[in-house]
Amino acid sequence: MKRVKVALIGNPNAGKSSLFNYLTGLNQKIGNFPGVTVDKKTGISTLSPTVQADIIDLPGTYSIYPRSLDEQVVFDYLTETMRGETPDILVVVIDASNFKRNLLLFTQVKDLGFPVILALNMLDLAEKSGISFDLIKIQQELKVPVVAVNARTGKGIDALKAALVCPVHVAADSFYKSSEVAGPVVSHIRERFKIDSDYMALLLAHLHKKTTILTEEEKKEISEVVEKNHLQSNSLQYRETLARYEAIHTVIHKVMSEDARQGKIRWSKKIDQVVTHKVWGYVLFFVVLFLIFQTIFAWSEMPMEWIDRAFGSLKGIVSGYMPDGYLKDFINEGIISGLQGVLIFIPQITFLFAFIAILEESGYMSRVMFMMDKIMRKFGLSGRSVVPLISGVACAVPAIMATRSIETWKERLITIMVTPLMSCSARLPVFTVLIGLMIPESSVLGIFNMQGVALMGFYLLGFVMAIISAWFMQLILKGKGKSYFIMEFPTYKFPRFKNVATSIIEKVKTFVFEAGKIILAISVILWVLATYGPKSAMEEAENNPMLTTLQGGEYETQLSSLKLEASYAGHFGKFIEPVIKPLGFDWKIGIALITSFAAREVFVGTMATIYSVGNTEDELSVRDSMKSQVDAEGQPYYTVARAGSLLLFYLFAMQCMSTIAVVYRETKGWKWPLIQLGYMTFLAYTSSFIFFQLLK
């Protein structure tokens, strides 16, 4: 079968990733803001019975001149074709409702001399705005094949596949005459590096210091040519943009008609007058947040109870059919309790990601970023920092990768350093358990759930601490220059159920299969460590004089408690107990702190395993088990002071190996990951210490 290479390129929000999903069947994340596709993605598409294509989805870029790391990915890809493998076809995806602005990138790509197909997306939205196109005229003017597609519904995908199978003619003429403005430089570079395109040669003259394909010697040689011919790069780039828009203006008059009736205001602009209002916009945003966290608690309660009962019944079945012994305990307390600790939080994670997906799909998330941009700048961050910070509510790993869209190193580094303070989904199970311990299930004003209010409060506290930390860092870190956040609002759209469902399924799968396998593995290891211990210590626990006066269930419970304390897990916990005691934590919590260092959500599985070891009431959930714990005076162990202290620790502590790894990769060294780990641990320890000591 014949194999071709196809690259998708276009402005942010033009619909590249949606098109990529339809062509390849993959489920890449799609959002209405820059930074979603932070690296090029690849997939395979069958174009015809005899032709297959490797599809490459490049990050969104407004121009070929890179201003951020994700735009640098596009620039690198295009310039590497000089000495590497050239794509057979470049598909430039254009948002028809923003035709003029999107054409700038198209004219640059076409002038590089690649075989190009123009995929005109979102024609339905353009028509609703009174804009119509003559596709045949566009094809004649631009001298490339033009295919109308709808990347949201898949309409036109078959026509695009058919066009990709056919040979694409490369027109010799160009929109911008590079040789006329920098003739000697262009000629020298073309001849020296055997380049076919004038514009590619001019691009190297402008950006040779940024490219990765040239050696230092070659860069030096180009610099000398540029200097010798007095090429003023910045002013030339400015004049190039003006010249291209002049050419684009001519094309638009021939191919596009716009029914822009006087007095007619687009409906999405009317909505924006309220949604982005300097007062009502923020009020609406907090109302939306409030409703989300309310529903996470209120709506998920019933399905969580179903899952809890199902696991209780499963343990009952195992207990009924298996004889007493280590195997039964291992299955019930190690495996089933570990699985219960993972699966019971699926309803809450489902609701959280459903709301995030709906906000992104509808276009509201872009407005949120616009509004938050005004706040972020007061703390020394770029408007583009809003994207990683909001993404951090889901997971810090892709959020940190999204910082590549930030132009300056200082702002990018600060964003990387504070993003893990945003409460990611891994913290949600921990929050749920601990809030349930310290906040009663009462309602506020008869309609609001008090626990939901507390959950929203902790999410906001994470955000506040992130921007305060950013403010401190901007004072300490050296670096100059500010970046600018430029974003065109997408029009409001009804969320597509398929995209929302796909996003939810992907996130839940990631939680269950990636986090879940770690939780289950650690649960099993913990069961072993909590069941076995040094022989002498275990014998001492079994022969404790305290047991001689006890009988029945009371005897079993006390014996299990003494054996847990004598186990290897108990020894680990006691080893760190002096350090964590000022925070109100005992050796059992110490075990959870150690095991959850790799991933925060392991805390719940750890507590489930520890408190189910020897528990005579197997059907108890981890929250009920923790709630039933008493101290030496017979009072509830998890007081507001202790549960709150633990919650603050998990709110601010790093405790995520994946995040540390991605920070190492993005900062290219161990210096910043270690500093980040250190300051977040200090923040977590200090805040927990102060909270517990004040409220104990």
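This section describes a strand pairing arrangement and a helix contact in a predicted model.

Strand S3, spanning residues 51-57, is mostly covered, with five of its seven residues buried. Two strands pair with S3, in opposite senses: S1 (residues 2-10) runs parallel to S3, whereas S2 (residues 41-48) runs antiparallel to S3. Seven bridges connect S1 with S3, and seven bridges likewise connect S2 with S3. Within the pairing of S1 and S3, leucine 8 has aspartate 57 of S3 as its bridge partner. Within the pairing of S2 and S3, isoleucine 44 is matched with aspartate 54 of S3. The connection from S2 to S3 is a hairpin of two residues. In a regular strand, side chains alternate between the two faces of the sheet.

A contact between two helices was also characterised. The axes of H7 (residues 178-193) and H8 (residues 198-207) approach within 8 Å and cross at roughly 80°. Because angles of 65 to 115 degrees count as roughly perpendicular, H7 is classed as roughly perpendicular to H8. On the H7 side, the contact is formed by Ser178, Ser179, Ala182, Val185, Val186, Ile189 and Arg190. These residues meet Asp198, Tyr199, Ala201, Leu202, Leu204 and Ala205 of H8. By residue class, the contact of H7 with H8 comprises nine nonpolar, two polar and two charged residues.

Key. Residues are numbered from 1 along each chain as its sequence is written. This is a predicted model: local features need pLDDT of at least 70, side-chain atom pairs count only at pLDDT 80 or more; totals for chains, interfaces and linings use all residues. Side-chain values use heavy atoms; hydrogens and water are left out. Axes are lines fitted to C-alpha atoms, for helices over the stretch in contact, and angles run from 0 to 180 degrees between N-to-C directions. Helices (H or I, at least four residues) and strands (E, at least two) are DSSP runs, numbered from the N terminus. Angles under 35 degrees count as roughly parallel, over 145 as roughly antiparallel, 65 to 115 as roughly perpendicular and the rest as oblique. Contact means heavy atoms within 4.5 Å. Ala, Val, Leu, Ile, Met, Phe, Trp, Tyr, Cys and Pro count as nonpolar, Asp, Glu, Lys and Arg as charged, and the others, Gly among them, as polar. Buried means under 20% relative accessible area, exposed over 50%, partly exposed in between (1.4 Å probe, protein chains only). Two strands pair if DSSP finds at least two bridges between them.
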